[in-house]
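Q: Please take a close look at a single part of this protein and explain how that part sits within the chain as a whole. A connected account, suitable for a reader at the bench, would be appreciated.

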Amino acid sequence: MADGREGENPEQEPRGAAGGDDVIDDHILEEGAVVFRGYVIAHINTEDPSRHVTSEDLGGRPDEQQDPQIKEVVEQLRKIADSLNRNAELQRLINQVQGNCAQDVFMTVARNIFADGINWGRIVALFHLACKLIHKAITANHLENIQMIISWVLQVIREQVYSWLVAQGGWEGVIRGFSRWRTAAMVASVVLVVAFVYYRKVR
């Protein structure tokens with residue numbers, strides 16, 4: 001997919017990918033967890049205000065979303081995500097995934113998101129999928145699944161996205177490069193649909 005390859009490094013060897021545990025071992029992964037929690041909070045509190053999810057509900061610190069830079073990164077990622085919510089086919093596919101889905105289901109879809117490149121749109125696609133699953137877990141009162149899903153996201157970041165994020169200068173790269181990612185939302189929608197279709201074929 002040619003339009004999904006901006007800024008990718010397909011030959012990358014992700015640093016920090018060793019080990020399968022959920023230990024957050026450096027700034028990029030730690031900030032990634034905070035950014036993802038911020039994304040989930042913004043999404044759920046917008047879509048379902050009665051829930052009023054907080055960082056603490058997601059295993060974070062009470063004040064971690066107060067950092068202006070974190071807020072700006074989350075806001076830019078949310079702008080990319082807006083069109084995903086309007087993609088009816090994508091919503092239909094996501095709704096078919098159970099909120100308590102197995103790790104192999106999530107990882108199969110996630111790996112296909114990044115199968116032929118990395119950009120901010122694809123990272124948003126990963127966040128969007130995981131966020132929807134967390135929302136389902138909260139709605140169904142399966143709160144034990146929340147930390148599990150967050151750990152899956154961090155595993156994907158560590159194994160597949162880490163070196164690319166280093167090359168972008170960290171999560172703040174989405175702020176600096178946002179004008180170049182106007183098409184990222186379209187890429188994110190397409191790549192998620194393709195990943196789901198692939199998963200259903202090999203399932």
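**The surroundings of W120**

A: W120 has a relative accessibility of 0% and therefore counts as buried. In this predicted model, W120 is found in helix α5. A second tryptophan, W171, stands 51 residues away from W120 along the chain, yet the C-alpha atoms of the two are separated by 9.6 Å. W120 and W171 are also in contact.

The environment of W171 may be described next. Leaving aside neighbours within four places in sequence, W171 touches W120, I123 and F127, and also I28, E31, G32 and V35. The remaining contacts of W171 in that set are V73, I157 and L165. Several helices can be recognised among these partners: α1 spans 27–47, α2 spans 68–85, α5 spans 120–139 and α6 spans 144–167.

W171 and F127 appear again in the description of the largest nonpolar core. This core has 60 residues, and those with the most contacts inside it are F106, F127, I134 and W171. Two or more residues of the core come from each of α1, α2, α3 (88–95), α4 (103–113), α5, α6 and α8 (184–202). In soluble globular proteins, nonpolar side chains tend to be buried together.

The wider chain provides the setting. It has eight helices and zero strands, so that the pattern along the sequence reads α-α-α-α-α-α-α-α. Of its 203 residues, 54% count as buried. Among contacts between residues at least 6 apart in sequence, 83% join residues at least 24 apart; the contact between W120 and W171, which are 51 residues apart, belongs to this group. The accessible surface of the chain comes to about 9,200 Å², and carbon and sulfur atoms account for 50% of that area.

Helix α2, which contributes to the core, merits a description of its own. At its start, a side-chain oxygen of D67 comes to within 2.8 Å of the backbone nitrogen of Q69. The helix has 18 residues and extends 25 Å from its first C-alpha to its last, close to the 26 Å expected at 1.5 Å a residue. A kink of about 30° is centred on K79. The buried residues of α2 include V73, one of the contacts of W171; among the others are I70, V74, L77, A81 and L84, together with Q76 and R78. An α-helix has 3.6 residues a turn, so residues three or four places apart point the same way.

Another pairing across the sequence involves helix α4, where Q103 is found. The C-alpha atoms of Q103 and W152 are separated by 7.4 Å, although the two residues are 49 apart along the chain. Apart from neighbours within four places in sequence, Q103 is in contact with W152 and Q155. Q103 has a relative accessibility of 35% and therefore counts as partly exposed, whereas W120, at 0%, is buried.

Two loop residues complete the account. H52, in the loop between α1 and α2, has a phi near 45°, a positive value in a residue other than glycine. N141, in the loop between α5 and α6, likewise has a positive phi, near 60°, and is not glycine. H52 is exposed, with a relative accessible area of 56%, and N141 is exposed as well, at 55%.

Methods. Residues numbered from 1 in each chain as written. Predicted model: local features only at pLDDT ≥ 70, side-chain atom pairs only at ≥ 80, totals over all residues. Heavy atoms only, no water. Helix = DSSP H or I, 4+ residues; strand = E, 2+ residues; numbered from the N terminus. Buried < 20%, exposed > 50% of the residue type's maximum accessible area, 1.4 Å probe, protein only. Contact = heavy atoms within 4.5 Å. Areas by Shrake-Rupley, 256 points an atom, 1.4 Å probe, with all protein chains shown as cover. Core = buried A, V, L, I, M, F, W, Y, C linked by side-chain atoms within 4.5 Å. Expected span 1.5 Å × (residues − 1). Bend = angle between axes of the 7 residues up to and from the residue. Polar contact = N/O pair within 3.5 Å; in protein donor to acceptor, adjacent residues only side chain to side chain.
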